[in-house]
Amino acid sequence: MSIQEIHKHAVLPPIISRCDKEFLERTQRYIITEIERVGCNEEGPADEYYIIYQNVFNKVIDYVTAYKSILTSIKKEYDAFIETLKKDRRTTFFLHGKLKVWAAEPTVLVYHQRRAIQLEAKMRIIENNSLKIQLQIDQMKQLRAEYDTKEAKYCTLSKDPSKPIPGMTLQDSVNLNALRKFRKHLEDKYREMKQAMLVKYVPIQRMADFDEEMIVLLKRRDIAENLNEKLQFRHQRLQIILYALSSWVKSDKSKTFEDFVEEIQKTKDFHAFIVDQGFVEELLEDDPSKAKNAEIILYYIERFNELMSLGEYEKAAYFAASSPRRILRNMGSMDKFKAIGKIRGKTLPLLLFFEAIFSTSHAFKTPVDADLTLEGIKCGLSEKRLDLVINWVTQEKLTFSEKAGDVIYDYGEQDTFNKAKCLALAQIIYSECGLHKKVLLCLCKQGQIHGAIEYLQQFKDFTPDDLMKLITLCPQTELIQCLTEEKNGRPPFLSFGLAILHLFSVNMEKVGIKLLQEINKGGTVFSGHNIFVCGAEDRTQAARMPGERATA
C-alpha cells in the first residue's frame with residue numbers, strides 16, 4: 001500500500017459509538033432549548049449564551065473522563081479571560097459616563113451663570129416695583145386716614161361696603177326694586193325708633209335730675225304717709241265717739257256720757273262696729289305707695305314677657321333675677337325658660353336663668369328656695385357644667401335639700417373622673433341639711449377614713465344598724481378595722497364578729513376573708529372582738545365560724 005492510500009484512509013471520519021452519539025444529540029437539544037427559553041438573538045454575544053455554553057462545557061468535561069483535567073484547565077483559563085473582559089467593559093462604561101459629565105460641566109456652568117444674571121435682573125425689577133407699590137400704599141393710607149377723619153364728623157358708624165347688607169340676600173342686594181323697598185322699610189323703622197326715643201326714653205344726662213326729683217318725691221311721700229296715719233287714727237276715734245254719741249242720744253240719757261261710753265265698750269255691738277269700721281277703712285284706704293308698687297310689678301312682668309318674645313333670653317334672665325319681691329324668681333319663670341329648649345350654637349336659656357338668679361342671690365335677704373336650687377343643680381349637671389355647680393354650692397346663697405345632694409352624688413357615680421369633686425359637694429349639702437349618715441358615707445367614699453371616725457365621734461347618734469349599712473355601701477378593710485378597734489381606752493363602735501357575720505350574710509365573703517387574713521397575719525389576740533386568734537387551728541376555726549353562722 002502506498003503513502004497516498006494511507007493518507008486517503010486517514011481523513012475518514014472516526015466511527016462514533018452509540019453512547020457518544022446520544023450524548024451529542026442530548027447536548028445539542030439542550031443548547032437549542034435553553035436558547036429558545038431565554039430568548040437570545042443572534043445579533044451579538046450575551047451573558048445568557050455564555051452561561052448556556054458554560055453548562056454544556058461542564059457536561060462535556062464530566063462525560064469525557066479521560067480529558068477531564070486538561071479540559072478543566074482550559075475552561076478555567078477561558079473563565080478568567082471572560083471575567084477580565086467583563087470587568088474591563090464595566091470600567092470602560094463607568095469612565096465613559098464620567099467623561100461625559102466632565103465634558104458637560106463647562107456648559108452647565110455657563111448656563112447657571114447666565115441664569116443667575118437673569119434672576120438678578122428680575123430681582124432688581126421686582127424691588128423697583130415693590131418700592132413703587134409701597135409708595136402708592138402709603139399714599140392711599142394717608143388719603144384714607146384723611147377721609148376717615150372727615151367722615152367721622154358726619155357719621156359715627158362706619159360700615160364696610162363689601163359686606164352683605166343685613167336682612168337681604170345677595171340677589172336682592174343687587175336688585176334696585178328690592179333695595180328701594182328695603183330702604184323704605186328702614187326709613188319707617190327709623191321714624192318709629194325716633195318716635196319711641198321721644199316717648200319711651202330719656203337722655204342719660206337727665207338721670208341725675210331724675211334722681212334728685214325722686215329723692216324729693218320720696219321725702220314728700222314719707223311725710224304724706226305719716227300724716228295719713230295720723231288722720232286715719234283721728235278718723236277712727238271720731239267714728240267711735242260718733243257711734244257712742246248717737247247711741248247715748250237714742251238712750252234715755254239717765255247716765256252721763258262718760259259712763260255710757262265705758263258701758264258700751266263692753267258690749268258686743270261696739271266690738272262689731274269697730275271691726276266693720278276697720279274693714280271699711282281698709283277698703284277705702286288710699287295708699288300711694290301700694291299703688292306705686294303695683295305699677296312697678298306690672299312693669300316688670302310686661303318687660304319680662306317682652307324680652308322673652310324678642311328672644312333676648314340672657315337679658316330676660318337677669319331682669320327676672322333683679323325683680324322686686326322675687327315676683328319673677330319662681331318656678332313659673334323657670335318653666336318658661338324650660339319650654340324654650342336648646343338653641344343651636346347658644347347657651348341653654350334655662351342655664352342662663354339659673355346663672356342669673358344664683359349670681360344675684362346675695363342681693364336678697366332670703367336665699368333661693370329649695371325647689372329652684374334643685375332644678376338649677378340638675379340643669380347645670382345635664383349641661384356638663386360641674387364648674388358652675390361647684391361655684392353655686394360653695395359661693396352662692398342657696399337653700400339645700402337632700403334631693404340636691406342625691407343628684408350630685410348620683411352624677412359622681414356616673415362620671416368617675418369628677419367623682420371626688422361630686423362627693424365633696426354632696427358632703428357640703430348633706431352637712432348643711434344635717435344628714436349625718438350621708439356625710440359619713442361621702443367621707444368614706446373619698447377615702448377620708450380617719451376624718452369619718454372623727455365625725456362619728458363628734459355625732460354619737462349612730463346605731464349599729466347604721467354602721468352595718470355603711471360598711472355594706474363602702475366595704476373598705478381600713479374602715480372596718482377602725483370601727484372595730486379600741487382607741488384611747490374607748491370601746492369600739494362595732495363588734496368585729498358582728499361585722500364579719502354581716503359581711504358573710506350580704507354575700508361579701510371576699511371582703512370578710514380578706515379582713516380575717518390581714519388580722520390573722522401576726523397571730524395576735526384582739527380583745528373586745530369576741531374572736532381570739534392564737535394558732536393555726538384557732539385561725540381555721542375563726543375563719544369557718546362566720547360562714548357557718550351566716551349559713552344558719
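Lys-384 is exposed, at 63% relative accessibility. This residue of the predicted model is found in the loop between H13 and H14. Its phi is near 60°, a positive value in a residue other than glycine. The chain around Lys-384 has 23 helices and 0 strands. Of its 552 residues, 24% count as buried.

**Confidence in the model**

- The mean pLDDT of the chain is 75. Of its residues, 74% reach 70 or more.
- Residues 1–12 have pLDDT below 50. Beyond near neighbours in sequence, this stretch has 1 contact in the model.
- Residues 522–552 also have pLDDT under 50. Here the model has 37 contacts beyond four places in sequence.

**Contacts along the chain**

- Take the contacts in the chain with a separation of 6 or more. Residues 24 or more positions apart account for 55% of them.

**The largest nonpolar core**

- In soluble globular proteins, nonpolar side chains tend to be buried together.
- In this chain, the largest nonpolar core has 41 residues.
- Which residues have the most contacts inside this core? They are Phe-337, Phe-353, Phe-354, Val-389 and Ile-408.
- Helices H9, H10, H11, H12, H13, H14, H15 and H16 each supply at least two residues of this core. H11 covers 331–340, and H12 covers 349–359. H15 spans 402–414, and H16 spans 419–433.
- H12 gives the largest share, 8 residues.
- Phe-337 has contacts beyond its neighbours within four places in sequence. Its partners are Phe-304, Met-308, Tyr-313, Ala-316, Ala-317, Pro-349, Leu-350 and Phe-353.

**A second core**

- A second, separate core has 27 residues. Among them are Cys-442, Ala-452, Phe-462 and Leu-479.

**Helix H18 and its two sides**

- H18 runs over residues 449–458. Ala-452, a member of the second core, is one of its buried residues.
- The other buried residues of H18 are Ile-449, Ile-453, Tyr-455 and Leu-456.
- Where do the buried residues fall, seen down the axis of H18? They lie within an arc of 160°, so they line one face of the helix.
- On the other side of H18, Glu-454 and Gln-458 are exposed.

**Aromatic rings**

- A pair of aromatic rings is described by the distance of the centres and the angle of the planes.
- How many aromatic pairs does a search of the whole structure find? The search finds 9.
- Tyr-299 and Phe-319 form an edge-to-face pair. Their centres are 6.2 Å apart, with 75° between the planes.
- Tyr-299 lies in H9 (residues 288–310) and Phe-319 in H10 (residues 313–321), so the pair ties together parts that are 20 residues apart in sequence.
- Are these two residues buried or exposed? Tyr-299 is partly exposed, at 47% relative accessibility. Phe-319 is buried, with a relative accessible area of 15%.
- Ring pairs also link Phe-304, Phe-337, Phe-353, Phe-354, Phe-358 and Trp-392 into a cluster. Phe-337, Phe-353 and Phe-354 are also among the residues with the most contacts inside the largest core.
- Lys-59 lies over the face of Tyr-30. The distance from the ring centre is 3.6 Å.

**Three more residues to find**

- Tyr-318 is in helix H10. At 39% relative accessibility, Tyr-318 is partly exposed.
- Not counting residues up to four places away in sequence, Tyr-318 touches Ala-356 and Ser-359.
- Tyr-318 and Phe-304 are 14 residues apart along the chain. Their C-alpha atoms are separated by 9.7 Å.
- Ser-401 is found in the loop between H14 and H15. Why does Ser-401 count as buried? Its relative accessibility is 18%, and buried means under 20%.
- Leaving aside neighbours within four places in sequence, Ser-401 is in contact with Ala-370, Ile-429 and Cys-433.
- Asp-387 is found in helix H14. Its relative accessible area is 45%, and Asp-387 is partly exposed.
- Asp-387 and Lys-421 are 34 residues apart along the chain. Their C-alpha atoms are separated by 9.9 Å.

Key
Residues numbered from 1 in each chain as written. Predicted model: local features only at pLDDT ≥ 70, side-chain atom pairs only at ≥ 80, totals over all residues. Heavy atoms only, no water. Phe/Tyr/Trp six-rings, centres within 6.5 Å; stacked < 30°, edge-to-face > 60°. Helix = DSSP H or I, 4+ residues; strand = E, 2+ residues; numbered from the N terminus. Buried < 20%, exposed > 50% of the residue type's maximum accessible area, 1.4 Å probe, protein only. Lys NZ or Arg CZ within 6 Å of the ring centre and 35° of its normal. Arc of directions from axis to C-beta. pLDDT = per-residue confidence, 0-100. Contact = heavy atoms within 4.5 Å. Core = buried A, V, L, I, M, F, W, Y, C linked by side-chain atoms within 4.5 Å.
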